[in-house]
Amino acid sequence: MNAHLPAPRCSVPAALLAIALGLTSCATVSSEKPPCCRELKHSAPIPEQSLYQLDSQWTSDQGRVIRLANLQGQPQVVAMVFTSCEFACPIIVNDMKRIAAGLPPEIRGRVNFTLISFDHERDTPEKLLAFRKRMGLPMAGWTLLRGEADDVRELAALLGVNYRKDARGQYAHSNLITLLNARGEIVAQESGLNIRTEAMVERIAAAAK
Amino acid sequence: MNPRTNNLVLAAAVMLAAAAMCAAATAVAAAPVAPAGMAIIAAGEHRPLFVLPNEPQTVPVAQFALDKLPVTNGEFLDFVRDNPRWRRSAVKRLFADANYLKHWAGDLEPGEAARTNQPVVWVSWFAAKAFAQWKGKRLPTVAEWEYAAAASPRRADGENDPEYQRALRHWYSMPAPAELSRVGAGLPNCFGVFDLHGLVWEWTSDFNSAIITGDARGDTGLDRQLFCGAGSAGAKDTGNFPAFMRYGFRSSLKAPYTVHNLGFRCAKDL
């Protein structure tokens, strides 16, 4: 597994599950139906409210193609940003770094931070990688993803993130940090910029137990 | 008639452009053939209710096809027959709340409360999107929907048709009727599309594009405009209450929500 993806710390079965999910989904692609209507065949039950029900594909800054279900197994701190963002996104990322720094050492390695781009047109894996470097995000524990327009819209809808592209090609968007538990369910959200991190740190610690 | 001169000037300009547009949609021989059950919506411009600072006042809308009618219970039944994962008893809570198709008698039985020629309601954004994909179509964007819905029976710029605006305000001020009418009972607009107003609200693909809180670049003025009592001061068309209602309604939605008077129709690129 690539270093930027969450380490399968919890157990080997979790890693196998992730692989199995990927393979199972691939196996169903042969169906003539569009993605909306294929039967979901996950090898283990995913909770009804889990974002890991989504079948969409995402590409990391390492060029790795994944499904969100590949992120399961540890809590995920998720935000949507875009790399040419001049104002809010660096602050959101900084808030996430402050959250990471606030975690007790024994928890820190058991949580992953995921950034997903609004900008399906400009944010290539290369742009994401440059953003990772610019923001000083370590390879371990931080996942940067891009996806297609429809999939971005769908994920945003599930997270409760509103956004739209303005005339300059910049994105106006909600500033929201979401905590998913290990099974992909939303357990906490913080909106705004320069947030107070204490509450989120507590929720993460609880989710990582 | 609206006394503000800038509105008049704008109205006149839009009127000229739009009169040509709606005519073009029906009269030009080279116009593309509409897919069955769909109307061609000629290219034009949508004027959003709210624009960000320094943004142009209009958004171009490319020519597209739009279902003439909202999707009915009968059509949705075909969809769930063919796609078990979207049946009421099978749908995942992530994709539709607990009220999904609650007025149907059963998984494959609309029943008395959901006749086959009535618009389907109690459907989530995900279900609407899946139906559209199954049909080889998509949901219209807010800009496309609003642009098509601005047309009156006589003209593409229905916002400058006072009689039409009065009729719209009347509908938008009425509570939802206990029983929905069948689709296609009213007059089509000049594009040939029925029921954009007066029957049910409709999902759009980017319903979650309204920036009302915590916007990226801190345009809190926009927030204030929307939330405080003087809200309409910042919007372009203070007389367009139906547009405000639609904006507010969309802003209140989340993708898994289902509502008793919220349905959808599909669009398609040409």
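What percentage of the 209 residues in chain A do buried residues make up? The figure is 44%. The model is a predicted one. The points below take chain A first, then the contact with chain B, then some local details.

1. **Overall make-up of chain A.** Chain A holds six helices and nine strands. Among its contacts with a separation of 6 or more, 66% come from residues 24 or more positions apart.

2. **The sheet.** Seven strands of chain A build an open sheet. The order is β2-β1-β5-β4-β3-β8-β9, with mixed pairing. β2 (65-67) and β9 (186-191) of chain A are at the edges; each has a single partner strand, so one side of each has no neighbour in the sheet. On average, neighbouring strands are turned by 30° against each other, direction ignored. As background, strands of a sheet pair through backbone hydrogen bonds, either parallel or antiparallel.

3. **β3(A) and its two partners.** Both kinds of pairing meet at this strand. β3(A) and β8(A) run antiparallel and are joined by four bridges. In that pair, A:Val77 is opposite A:Leu179 of β8(A), and A:Val78 has A:Thr178 of β8(A) as its bridge partner. β3(A) and β4(A) run parallel, with six bridges between them. Here A:Val81 has A:Ser117 of β4(A) as its bridge partner.

4. **Burial of β3(A).** Why is β3(A) described as largely enclosed by the rest of the structure? Because six of its six residues are buried. In a regular strand, side chains alternate between the two faces of the sheet. In β3(A), A:Gln76, A:Val78 and A:Met80 point one way. A:Val77, A:Ala79 and A:Val81 point the other way. Buried residues are found in both sets, A:Gln76 included.

5. **Helices on the sheet.** Helix α2 of chain A, residues 88-102, packs on the sheet and touches β3, β4 and β8 of chain A. Its direction makes about 170° with that of β3(A). α5(A) lies across β3, β4 and β8 of chain A as well. The angle of α5(A) to β3(A) is about 125°.

6. **α5(A) in detail.** This helix is mostly covered, with nine of its 11 residues buried. The buried residues include charged side chains as well as nonpolar ones, so the list is worth checking by class: A:Asp151, A:Arg153 and A:Glu154 are among the buried residues. So are A:Val152, A:Leu155 and A:Leu158. The buried residues of α5(A) pack against β3 (76-81), β4 (112-117), β6 and β8 (176-180) of chain A. They also pack against α3 (125-134) of chain B. After the helix comes A:Gly160, with a positive phi near 80°.

7. **Contact between the chains.** How many residues of chain A are in contact with chain B? The count is 29, and they meet 28 residues of chain B. On the chain A side, the elements giving two or more residues are α5 (149-159), β6 (163-165) and β7 (171-173). α5(A) gives the largest share, four residues. By class, this side of chain A has 14 nonpolar, 10 polar and five charged residues.

8. **The nonpolar core.** Nonpolar side chains tend to be buried together in soluble globular proteins. In this model the largest nonpolar core has 118 residues. Within that core, B:Ala127 and B:Ala148 have the most contacts. Leaving out residues up to four places away in sequence, B:Ala127 touches B:Trp86, B:Phe95, B:Ala96 and B:Tyr100.

9. **Positive phi outside glycine.** Two residues deserve a look. A:Asn194 is not a glycine, yet its phi is positive, about 50°. A:Asn194 sits in the loop between β9 and α6 (198-207) of chain A. B:Asp195 is not a glycine either, and its phi is positive, about 65°. B:Asp195 belongs to the loop between α5 (162-173) and β5 (201-202) of chain B.

10. **Buried or exposed?** Is A:Asn194 buried or exposed? A:Asn194 counts as exposed, because it has 11 C-beta neighbours inside 10 Å. For B:Asp195, 24 other C-beta atoms lie within 10 Å, so this residue is buried.

Definitions and conventions
Residues are numbered from 1 along each chain as its sequence is written. Chains are lettered from A and ligands numbered from 1 in the order in which they are written. This is a predicted model: local features need pLDDT of at least 70, side-chain atom pairs count only at pLDDT 80 or more; totals for chains, interfaces and linings use all residues. Two residues are in contact if their C-beta atoms, placed from the backbone, lie within 7 Å. A nonpolar core is a set of buried Ala, Val, Leu, Ile, Met, Phe, Trp, Tyr and Cys residues joined through C-beta atoms within 7 Å. A residue is buried if 20 or more other C-beta atoms lie within 10 Å of its own, exposed if 12 or fewer, and partly exposed in between; C-beta atoms are placed from the backbone. Two strands pair if DSSP finds at least two bridges between them. Axes are lines fitted to C-alpha atoms, for helices over the stretch in contact, and angles run from 0 to 180 degrees between N-to-C directions.
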